[in-house]
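Student: I would like to learn how to read a fold from its strands, helices and packing. Could we work through one case together, feature by feature?

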Amino acid sequence: MNPTSPPIDRAPRARAPRRARPLLLGAFAVLGALAAACTPRAAAGQPSASSAAASAVTIPIEGMSCAACAARITGMLRGTAGVVGATVSLEHRSARVEYQAGRVTPAALVAAINALGYRAGAPVPGA
Ligand SMILES: [Cu+2]
């Protein structure tokens, strides 16, 4: 009849998960900070470094049905040689691509989008 030992055991058990959660949250926060720090740097550094060589084009895209479609096209464009930056809008059904004119052409970008199964329209330069 000695209920004195259980409270001693409970204290460390209750603390253990509390310690683990801040560590996990901290790890996510660090990852999030790295990702957030990475994107603006790349976007801000390139226009000033190669603004003379970079061209921009907006390409209408039909056939995107969800965010995954937009993400798929975005990833493909950003992975294309000569593409400096790409933003795909599901809402506006278009892609805005910054590219180096000597390395890739709007026609090639249109063909690459069509190759994914979507329907790219006529590119609008500089938009
Ligand atoms: Cu989709």
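Student: Which residues in the largest nonpolar core touch the most other members?

Tutor: Please keep in mind that this is a predicted model. A core is read by asking which of its members make the most contacts within it, and then which elements supply them. Here the largest nonpolar core has 18 residues, and those that touch the most other members are Ile59, Ile61, Ile73, Leu77, Ala95, Val97 and Ile113. The elements that each give two or more residues to this core are E1, helix H2 (67-78), strand E2 (83-89), E3 and helix H3 (106-115), and the largest share, four residues, comes from E2. If we take Ile73 as an example and set aside residues up to four places away in sequence, Ile73 touches Ile61, Val88, Ala95, Ile113, Leu116 and Tyr118.

Student: In what order do the elements run from the N terminus on?

Tutor: The order of elements is a useful frame before one turns to the pairing of strands. The protein chain has three helices and five strands, and from the N terminus on they run α-β-α-β-β-α-β-β. As for how the contacts are spread along the sequence, among those between residues at least 6 apart, 62% join residues at least 24 apart.

Student: Which strands pair with E1, and in what sense?

Tutor: Pairing is read from the bridges between two strands, and single bridge partners then fix the register. Strand E1 (residues 54-62) pairs with strand E3 (residues 94-100) in the antiparallel sense over seven bridges; in this pair Ala54 has Gln100 as its bridge partner, while Pro60 stands opposite Ser94. E1 also pairs in the antiparallel sense with strand E5 (residues 124-125), over two bridges, where Thr58 stands opposite Val124. Two bridges likewise join E1 to strand E4 (residues 119-120), again antiparallel, and there Glu62 stands opposite Arg119.

Student: How many bridges join E2 to E3, and how many residues lie between these strands in their hairpin?

Tutor: For a hairpin, one looks at the bridges first and then at the backbone of the turn. E2 and E3 run antiparallel and are joined by six bridges, with Val83 opposite Tyr99 and Gly85 partnered by Glu98. The hairpin has four residues between the strands, and in it Arg93 takes a positive phi near 50°.

Student: Is Val57 buried, partly exposed or exposed?

Tutor: Burial can be judged by counting C-beta atoms within 10 Å, and 20 or more are needed for a residue to count as buried. Val57, which lies in strand E1, has 19 other C-beta atoms within that distance and is therefore partly exposed. Leaving out residues up to four places away in sequence, Val57 touches Val97, Pro106, Pro123, Val124 and Pro125. The C-alpha atoms of Val57 and Tyr99 are separated by 8.1 Å, although the two residues are 42 apart along the chain. Over the whole protein chain of 127 residues, 16% count as buried.

Student: Where do the buried residues of H3 fall when seen down the helix axis?

Tutor: A helix can be read by looking along its axis and asking where its buried residues point. In H3 the buried residues are Pro106, Leu109, Val110 and Ile113. Seen down the axis, they fall within an arc of 100°, so they line one face of the helix. The face turned away from this buried side carries the exposed residues Ala107, Ala111 and Ala115. What covers the buried residues of H3 includes E1, H2, E3 and E4. After H3 comes Gly117, with a positive phi near 105°.

Student: Why does Ala122 count as exposed, and which loop holds Ala122?

Tutor: The same neighbour count can be applied to a loop residue, with 12 or fewer C-beta atoms within 10 Å as the cut-off for exposed. Ala122 lies in the loop between E4 and E5, and Ala122 counts as exposed because there are 8 C-beta neighbours inside 10 Å. Ala122 and Val110 are twelve residues apart in sequence, and their C-alpha atoms are 8.0 Å apart in space.

Notes
Residues are numbered from 1 along each chain as its sequence is written. This is a predicted model: local features need pLDDT of at least 70, side-chain atom pairs count only at pLDDT 80 or more; totals for chains, interfaces and linings use all residues. Two strands pair if DSSP finds at least two bridges between them. A nonpolar core is a set of buried Ala, Val, Leu, Ile, Met, Phe, Trp, Tyr and Cys residues joined through C-beta atoms within 7 Å. Two residues are in contact if their C-beta atoms, placed from the backbone, lie within 7 Å. The arc is that of the directions from the helix axis to the C-beta atoms.
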